[in-house]
Amino acid sequence: MSPKPNDNSAGTAVFDAPAGPSEVVIISDDSVNAEWVAADMMAQAEHDEMAQSIVISPDKAHLQAVKESLTRLLPNTPRANIIRRSLEVRGALILAHNLTDCCRIADDIAAEHVQVMCANAQEIADNIRNPGGIFIGKHSCAPLGDYCAGPNHVLPTAGAARMFSPLGTGVFYKRTGILEAGAQGAEPLVNIATQIAEAEGLLAHAQAARLRLK
């Protein structure tokens, strides 16, 4: 008997995964104001002490400028204690060999937000495969996506962006797989299924498939 729509035995609809702590990875170079990069790190870090803010750059002088900007901006920020703790525990400034390595590291991290703030930002962004959401160009900061920019902001965190996408309408659909094979169409499938089943030692599977040839 099919369960009624309000019958708990039907199960619970699942359309979301645990979200957080929030994360940002910023790929930047000296084409962008280091203070902007520092401000974006702080914006992420003020969520909570476990938020993660990472900057990856091939430019050592730029990373030093970001560090100096953080030192200057932090004392005047209302949630300074939370930001400081977040940056101490989960923040990082990573020096990469080149922008290609920046993309590789960003893909390994697979962060919730990836900001590309460097020259040729679009070209660099095209090489990133595992962002939860990608923000291209120095004016495209994550807070715009947080509040009003348009793309859905329910994003995968904790590396889940390697496997999952942002929440979208497709997530709310329950799909059903359907197989309908006639005698002629089943024959080549039976031969394949039988060989695999026998190799696995599941002979009842092989028998059930083979009977369709009679």
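A disulfide here is a pair of cysteine sulfur atoms within 2.5 Å. By that yardstick the structure holds zero of them. Keep that in mind for the last stop; this is a predicted model, and the tour starts with the whole chain.

**Stop 1: everything on screen**

Show the protein chain as a cartoon and you'll find eight helices and five strands. Trace the chain along its sequence and the elements come up as β-α-β-α-α-β-α-β-α-β-α-α-α. Switch on a surface next: the chain exposes about 13,500 Å², and carbon and sulfur atoms supply 54% of that. Of its 214 residues, 36% count as buried. If you like contact maps, consider the contacts with a separation of 6 or more: residues 24 or more positions apart account for 67% of them.

**Stop 2: strand β1**

Select residues 23-28, which make up strand β1. How many of its six residues are buried? Six of the six are, so the strand is largely enclosed by the rest of the structure. Now show the side chains. In a regular strand they alternate between the two faces of the sheet. For β1, Glu-23, Val-25 and Ile-27 lie on one side, with Val-24, Ile-26 and Ser-28 on the other, and both sides are covered.

**Stop 3: the neighbours of β1**

Keep β1 selected and add residues 52-57, strand β2. The two strands run parallel and are joined by five bridges. Center on Ile-26 and look across to Val-55 in β2, which stands opposite. To see how the chain gets from β1 to β2, add helix α1, residues 34-45: the path goes through this helix, and the β-α-β crossover is right-handed.

Then add residues 113-117, strand β4, which also runs parallel to β1 with five bridges between them. Go back to Ile-26: in β4, the residue opposite is Gln-115.

**Stop 4: strand β2 and onward to β3**

Is β2 buried or exposed? Six of the six residues of β2 are buried, so this strand too is largely enclosed by the rest of the structure. Color the two faces separately: Gln-52, Ile-54 and Ile-56 sit on one, Ser-53, Val-55 and Ser-57 on the other, and both faces are covered.

From here, select residues 92-95 for strand β3, which runs parallel to β2 and is joined to it by four bridges. Val-55 is a handy landmark again, with Leu-93 as its bridge partner in β3.

**Stop 5: the cysteines**

Finish with sticks on Cys-102, Cys-103 and Cys-118. Why does Cys-103 have no bond to Cys-102? The sulfur of Cys-103 has its closest cysteine sulfur in Cys-102, 6.7 Å away, and that is too far for a bond. Cys-103 counts as buried because its relative accessibility is 4%.

Now pick Cys-118. Its sulfur is 7.6 Å from the closest cysteine sulfur, again in Cys-102, so that pair is too far apart for a bond. At 9% relative accessibility, Cys-118 counts as buried.

Definitions and conventions
Residues are numbered from 1 along each chain as its sequence is written. This is a predicted model: local features need pLDDT of at least 70, side-chain atom pairs count only at pLDDT 80 or more; totals for chains, interfaces and linings use all residues. Side-chain values use heavy atoms; hydrogens and water are left out. Buried means under 20% relative accessible area, exposed over 50%, partly exposed in between (1.4 Å probe, protein chains only). Two strands pair if DSSP finds at least two bridges between them. A crossover is right-handed if, with the strands pointing away from the viewer, the path from the first strand over the helix to the second runs clockwise. Contact means heavy atoms within 4.5 Å. Accessible areas come from the Shrake-Rupley method with a 1.4 Å probe; for residues, only the protein chains shown count as cover.
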